[in-house]
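Visitor: Please take me through one part of this protein slowly. Pick a helix, and then show me what lies around it.

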Amino acid sequence: MTDTSAPAVTETVDVALRSYFLSPASEPHLTTPDEVHEAIRSIKVSKAPGPNGLPNRALKHLPKRAVSLLTRIFKAVLRTHHLPPTWKHARVISILKPGKDPPLHSSYRPISILDTIAKLFEKILLVRILQVVNERGLLRDEQFGFRPKHSTSLQLARLVERITRNFGEKKLTGAVFLAGAKAFDTVWIDGLIYKLTFLNFPSYIVYTISSHLKDRTFEASIQPVTSSRRGMRAGVTQGRLISPVLFSLHVNDMTPYSHHVEFALYADDTAIIATSRKPTLLVSYLESYLNDLQRWLSDWRIAINVTKSTAIIFSSAGRRFIQP
């Protein structure tokens, strides 16, 4: 991935992480056979087996001794903050999108097939991450992606309520809808780790997540051909259990909104809302915020998919599209 962030930000992150990883990690919150057994109970047998061919159904039939051995392995990972290389390997298969032209590479959706035991460990790790997130209220209220009792419908209702209220007050509503460009796949890993340290996550969790995200490999399969192994230098793999919350934390410090601008988030989709009685002011508010946002996006190496982004002005007379 090309380094497009501001040199000052990159240097700050590099210096901070070098210092951080020189310190011993905090005491880990270890797992138990009961927790591992419950994690096994919650897995879905319909999911595809990982690269090693081990199906989820097999885990459902493990004897107590095997569960105990798995618990010892997971404890060792939490103590040493080191994930085995086989846990960090993915087999990527391509699924043709409905109605798309097969010869075009853009017609396919890549799906990562992940190690079965690694996904089980992620359930253990996710519990510890969410405990910190929820106890400290780390995610901003505007983020509705992948959160309990939050949904796209609720976020949409929130936006509709704002627009409707503005109609009643004879105000215009300007909205810019931004979509991330392969956002999960291009997350700057060191930038994300830096933000976790800044949020004061327990260091054993930060160390473990760092091991989880770095030195990952993948192979791509298009039947009957499979590529050689390649390294992954960026991204939080879609399909991994902890990826959604990690991505949400990565964008959690998005440029704060002003008195005239607010926004709504759902994972990598962002709606920026401005209110005014004058169209010229409306556009001015949005442009000013977008200029600030562009600097933040550049600093943290986040790209926007321009073709999937748009801008609209809502008024009681209807709506009209404007250039994003």
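Guide: We start with helix α6, residues 152–168. This is a predicted model. Helix α6 has 17 residues, and at 1.5 Å a residue they should span 24 Å. The end C-alpha atoms of α6 are 24 Å apart, which agrees.

Now look at which side chains of α6 are hidden. The buried residues are Gln-155, Leu-159, Arg-162, Ile-163 and Asn-166. Around the axis they cover an arc of only 90°, which puts them on the same side of α6. Turn to the face directed away from that buried side. There you find the exposed residues Ser-153 and Gly-168.

What do the buried residues of α6 pack against? They pack against four strands: β3, β7, β8 and β9. Follow the chain past the helix as well. After α6 comes Lys-170, and its phi is positive, near 55°. Here is some background for that. Most residues other than glycine have a negative phi.

Keep those strands in mind, and move to helix α10. This helix covers residues 279–299. It has 21 residues and reaches 31 Å from its first C-alpha to its last. That is close to the 30 Å expected at 1.5 Å a residue.

Helix α10 also has a hidden side. Its buried residues are Leu-282, Tyr-285, Leu-286, Tyr-289, Leu-293, Trp-296 and Leu-297. Seen down the axis of α10, they fall within an arc of 105°, so they line one face of the helix. Several elements cover these buried residues. The strands among them include β3 (172–179), β7 (261–266), β8 (269–276) and β9 (310–315). The cover also includes the helices α7 (189–198) and α9 (243–250). So β3, β7, β8 and β9 appear both in the packing of α6 and in the cover of α10.

Look at the start of α10 too. Pro-279 lies in this helix. Is Pro-279 buried, exposed or partly exposed? Its relative accessibility is 36%, so Pro-279 counts as partly exposed. Pro-279 also has a partner from another stretch of chain. Its C-alpha atom is separated by 7.2 Å from that of Leu-172. Along the chain, these two residues are 107 residues apart. At the other end, just after α10, Arg-301 takes a positive phi of about 60°.

Next, take two of the shared strands, β7 and β8. They run antiparallel, and six bridges join them. One pairing to find is Ala-264 with its bridge partner Ala-271 in β8. The hairpin of β7 and β8 has two residues between the strands. In this hairpin, Ala-267 takes a positive phi near 55°.

Now for the empty space. Rolling a probe the size of a water molecule over the atoms shows where empty space is left. Searching the whole structure turns up two cavities of 30 Å³ or more. The largest cavity has a volume of about 120 Å³. Its lining is made of 16 residues. Nearest its centre lie Met-254, Asp-268, Thr-270, Ile-302 and Ile-304. The elements that give two or more residues to this lining are β3 and α10. Of all elements, α10 gives the most, with three residues.

There is a pocket to visit as well. The largest pocket has a volume of about 1,800 Å³. It is lined by 46 residues. Pro-110, Ile-111, Ser-112, Asp-185 and Gln-238 lie nearest its centre. Elements that each supply at least two residues of the lining include α3 (56–60), β1 (89–96) and α5 (116–136). Others among them are β4 (216–222) and β6 (230–232). Strand β2 gives the most to this lining, with seven residues.

Two loops finish the tour. The loop between β3 and α7 holds Lys-182. Phi of Lys-182 is positive, near 50°, in a residue other than glycine. With 65% relative accessibility, Lys-182 counts as exposed. The loop between α8 (203–213) and β4 holds Asp-215. Its phi is near 60°, again a positive value in a residue other than glycine. At 67% relative accessibility, Asp-215 counts as exposed, because exposed means over 50%.

Definitions and conventions:
Residues numbered from 1 in each chain as written. Predicted model: local features only at pLDDT ≥ 70, side-chain atom pairs only at ≥ 80, totals over all residues. Heavy atoms only, no water. Expected span 1.5 Å × (residues − 1). Buried < 20%, exposed > 50% of the residue type's maximum accessible area, 1.4 Å probe, protein only. Arc of directions from axis to C-beta. Contact = heavy atoms within 4.5 Å. Pairing = 2+ DSSP bridges. 1 Å grid on protein atoms, 1.4 Å probe; cavity = no way out; pocket = protein on both sides within 12 Å on 5 of 7 lines; lining within 4 Å. Points joined across faces, edges and corners; volume = space filled by probe spheres on them.
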